[in-house]
Amino acid sequence: MTDVIVVASSLLAGFLLLLPRIRGNTLWRATITPLASIIGSGFLVLGPILTSEYGGSAPLVMALLCLVAYGFGAAVRTNIATIEASAGRSRTELWLEDAASWALAFAYVVSVAYYLNLFGAFALHLTPFDSAFSAKLLTSVMLVLILVVGWRYGFKALERMESVSVSLKLAIIAGLLAGLGLFFFGLWHAGALYDNPAPTAQWRSVALAFGLIVTVQGFETSRYLGRSYDAKTRIASMRLAQWISTAIYLVYIALLTVGFPASETHLTETAIIDMMAVVAPILPAMLVLAALAAQFSAAIADTGGSGGLVFELTGGRLTQRQAYALLCLAGLVITWTSGVFDIIAYASRAFAFYYALQSAIAAIGMRRAGAPFRAASFFLQAVLGMAIVVFGIPAE
């Protein structure tokens with residue numbers, strides 16, 4: 001019965017997402033890119049990490065991560081709203097904008113490699129070819145595929161590929177949440193919910209949370225889609241993407257935290273697959289499919305965002321297609337030289353540096369606009385971003 005409800009929930013969600021009225025909606029199309037990137041890896045790795053590391057405090061940590069991400073998103077949205085008035089911006093703001101953009105370009109390189117390394121790990125987890133070498137080989141093939149499509153057909157082709165994969169991913173997430181809800185109800189009815197203890201206050205817990213900011217990253221891709229959507233649409237799409245992803249994360253982590261013992265949660269890239277086998281027999285296979293859609297769509301989102309970013313930074317001297325080639329080449333190097341959890345921490349630091357610079361830009365802009373409270377809040381966010389850069393650590 002659980003399998004039936006899980007599949008039915010996914011089919012219903014998929015049907016709704018594929019309705020022409022939704023697929024053809026401009027706001028939804030603009031929302032797909034940041035949403036694909038935000039949910040690209042978070043729901044796959046965050047559950048096991050937060051459950052094992054934070055126990056009963058996992059939902060609170062998840063809420064704080066989303067809150068911090070929303071604050072950084074507010075800074076980026078503020079800058080989107082003022083970007084067309086760049087002639088009135090100071091040299092400091094323009095210099096910080098360039099520095100932030102280059103920082104993001106580097107962060108995209110790391111994040112695309114991260115997404116596709118997870119793609120390789122999940123794709124082979126339930127097969128006889130489940131090995132680190134095979135996973136890296138598959139990751140390399142996917143990097144080349146994205147390069148070929150992006151080079152030949154451009155961002156619009158990537159976006160169409162992304163739209164289908166995002167809809168599939170969200171449909172499977174709906175089934176996953178339905179299954180977890182039934183699992184929760186069964187444990188609650190039997191009085192068997194887990195009361196996982198919260199960790200003792202340690203600096204390591206804070207530093208680990210700093211190293212997880214990349215799992216709620218992705219909203220900033222809206223900032224660099226100016227050639228496809230106007231500023232109002234990009235701002236609205238970023239906000240909507242963060243609302244949807246926050247709701248998914250909070251429900252997911254809350255159900256997971258009381259449904260599984262923290263002491264028995266094994267911290268691996270694909271731990272969630274084995275955990276979900278307890279919830280419903282069909283979920284592991286569905287989750288592998290969702291993982292592939294998630295990583296593929298997130299990698300496409302960041303690849304598309306990076307193309308627009310590099311085009312803007314170089315004044316058109318370097319085309320989006322050439323940017324795709326550089327990103328994919330760097331991704332191949334990272335794939336064969338780094339581990340997944342190390343890449344998470346590297347990407348978190350890179351994105352945090354970008355968010356710190358964007359917050360500093362927003363603080364200067366709000367100070368000039370006569371909004372001292374908002375200026376002060378953005379300045380504090382800039383300080384927080386730099387703290388993440390310095391102190392973030394990988395999960396072990």
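Tutor: Before we start, one cut-off: buried means under 20% relative accessible area, and exposed means over 50%. Also, keep in mind that this is a predicted model.

Student: Okay, let's try it out. Is cysteine 66 buried or exposed?

Tutor: Cysteine 66 has a relative accessible area of 7%. The cut-off for buried is under 20%, so cysteine 66 is buried.

Student: And what about cysteine 328, buried or exposed?

Tutor: Buried, because its relative accessible area is 3%.

Student: How many disulfides are there in the structure?

Tutor: Zero.

Student: Let's zoom out. How many helices and strands does the protein have?

Tutor: There are 15 helices and zero strands.

Student: How much of the protein is buried?

Tutor: Of its 396 residues, 56% are buried. On the outside, the protein exposes about 16300 Å², and 69% of that comes from carbon and sulfur atoms.

Student: What do the contacts look like along the sequence?

Tutor: Take the contacts between residues at least 6 apart in sequence: 84% of them join residues at least 24 apart.

Student: Now the inside. How many residues are in the largest nonpolar core?

Tutor: That core has 106 residues, and Phe43 and Met276 have the most contacts inside it. Helix H6, residues 91–124, gives the core its largest share, with 17 residues.

Student: Which residues does phenylalanine 43 touch?

Tutor: Skipping neighbours within four places in sequence, phenylalanine 43 contacts Lys169, Ile173, Leu176, Tyr249, Tyr252, Leu287, Ala290 and Ala294. There's also another core, apart from the largest one, with six residues, including Ala362, Ala363, Ala375 and Phe378.

Student: Switching to alanine 30: where does it sit?

Tutor: Alanine 30 is in helix H3, which covers residues 26–38. Its relative accessibility is 1%, so alanine 30 counts as buried.

Student: What does alanine 30 touch, then?

Tutor: Leaving out residues up to four places away in sequence, alanine 30 touches Tyr229, Thr233 and Ser237. Its C-alpha atom is 9.9 Å from that of leucine 240, although the two residues are 210 residues apart along the chain.

Student: Last topic: which residues make the nonpolar surface patch?

Tutor: Trp203, Val206, Val390 and Phe391 make a patch of about 400 Å². Helix H9 (203–210) and helix H15 (372–391) each supply at least two of the patch residues.

Student: Take valine 390, in helix H15. Why does valine 390 count as exposed?

Tutor: Because its relative accessibility is 55%, and the cut-off for exposed is over 50%.

Methods
Residues numbered from 1 in each chain as written. Predicted model: local features only at pLDDT ≥ 70, side-chain atom pairs only at ≥ 80, totals over all residues. Heavy atoms only, no water. Disulfide = S-S within 2.5 Å. Buried < 20%, exposed > 50% of the residue type's maximum accessible area, 1.4 Å probe, protein only. Helix = DSSP H or I, 4+ residues; strand = E, 2+ residues; numbered from the N terminus. Contact = heavy atoms within 4.5 Å. Areas by Shrake-Rupley, 256 points an atom, 1.4 Å probe, with all protein chains shown as cover. Core = buried A, V, L, I, M, F, W, Y, C linked by side-chain atoms within 4.5 Å. Patch = residues over 30% accessible without salt bridge, like charges linked within 9 Å, V, L, I, M, F, W, Y side chains within 5 Å. Salt bridge = Lys/Arg side-chain N within 4 Å of Asp/Glu carboxyl O.
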